[in-house]
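Morning, everyone. I have one structure to go through today, and I will keep to what can be read from the coordinates.

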Amino acid sequence: MNISALLLGGKSALSKGEFDRAELYYERTIHNHPKKYQGLIGLGQVLAKKRNFRGALDAFENAYALNESESLLENIKLLRKLVSAQRN
């Protein structure tokens, strides 16, 4: 399956609140297209919705390693705060 179809499937599932299904689409995207950061962003969004902030942070940090964008950096900063708050 091409990356556009996988990303669209993940986005559609995420918008419907089907987080487990969306996670599968994004994991498949990452597996099939490891150099593309978009799957990591989608996975990070899903994991954040599932309140797995540590996993979301990892996904966004990996995406940032592939594509150093300001918006990813902002998400990383926010997730670091959420991870820290979960520990306390």
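I will start with the overall fold, then go through the salt bridges, and finish with a few single residues.

First, a caution: this is a predicted model. Please keep that in mind for everything that follows.

So, the fold. The protein chain has 5 helices and 0 strands. Read from the N terminus, the order of elements is therefore simply α-α-α-α-α. Along the principal axes, the C-alpha atoms fill a box of roughly 40 × 25 × 20 Å. The radius of gyration is 12 Å, and a compact globule of 88 residues would come out near 12 Å, so the two agree.

How much of the chain is buried? Of the 88 residues, 34% are buried. As for contacts, if you take those with a separation of 6 or more, 42% are between residues 24 or more positions apart. The chain exposes about 5,500 Å², and 51% of that area is supplied by carbon and sulfur atoms.

Next, charge. There are 14 positive and 9 negative side chains in the protein chain. The centres of those two sets lie 2 Å apart.

That brings me to the pairs. In general, side chains of opposite charge can pair when their charged atoms come close. How many salt bridges does a search of the whole structure find? The search finds 7. I will take three of the pairs one at a time.

The first is K50 with E23, where the closest N and O atoms are 2.6 Å apart. This pair links distant parts of the chain, with the two positions 27 residues apart in numbering. K50 sits in the loop between α3, residues 38-49, and α4, residues 53-66. E23 sits in helix α2, residues 19-32. Buried or exposed, what is E23? E23 has a relative accessible area of 16%, and the cut-off for buried is under 20%, so E23 counts as buried. Its partner K50 is partly exposed, at 35%.

The second pair is E61 and R80, whose side chains meet in a salt bridge at 3.1 Å, N to O. E61 lies in helix α4 and R80 in helix α5, residues 70-87, so this pair ties together parts that are 19 residues apart in sequence. Both residues are partly exposed: E61 has a relative accessible area of 27%, and R80 has 48%. These two also belong to a network of salt bridges that links R54, D58, E61 and R80.

The third pair is E74 with K77, with 3.8 Å between the closest N and O atoms. Where do they lie? Both are in helix α5, 3 residues apart, which is about one turn of the helix. E74 is partly exposed at 41% relative accessibility, and K77 is partly exposed with a relative accessible area of 41%.

Now the single residues.

Go back to the loop between α3 and α4, and look at R51, which is placed there. Most residues other than glycine have a negative phi. R51 is not a glycine, yet its phi is positive, about 65°. The side of the story that concerns solvent is short: R51 is exposed, with a relative accessible area of 57%.

Then two residues in helix α2. T29 is one of them. At 0% relative accessibility, T29 counts as buried. What is T29 in contact with, leaving aside its neighbours within four places in sequence? The contacts are I3, L6, L7, P34 and G39.

I30 is also found in helix α2. I30 has a relative accessible area of 22%, so by the 20% cut-off I30 is partly exposed rather than buried. Not counting residues up to four places away in sequence, I30 touches G39, L40 and L43. G39 therefore appears in both contact lists, that of T29 and that of I30. One more distance for I30: A59 is 29 residues away in sequence and 10 Å away in space, C-alpha to C-alpha.

To recap, this is a predicted model of a chain with 5 helices and 0 strands, and a search of the whole structure finds 7 salt bridges. One of them, K50 with E23, links distant parts of the chain. That is all I have.

Key. Residues numbered from 1 in each chain as written. Predicted model: local features only at pLDDT ≥ 70, side-chain atom pairs only at ≥ 80, totals over all residues. Heavy atoms only, no water. Salt bridge = Lys/Arg side-chain N within 4 Å of Asp/Glu carboxyl O. Helix = DSSP H or I, 4+ residues; strand = E, 2+ residues; numbered from the N terminus. Buried < 20%, exposed > 50% of the residue type's maximum accessible area, 1.4 Å probe, protein only. Rg over C-alpha atoms; globule rule 2.2 N^0.38 Å. Contact = heavy atoms within 4.5 Å. Areas by Shrake-Rupley, 256 points an atom, 1.4 Å probe, with all protein chains shown as cover. Lys, Arg positive; Asp, Glu negative; His and termini not counted. Charge placed at Lys NZ, Arg CZ, Asp CG, Glu CD.
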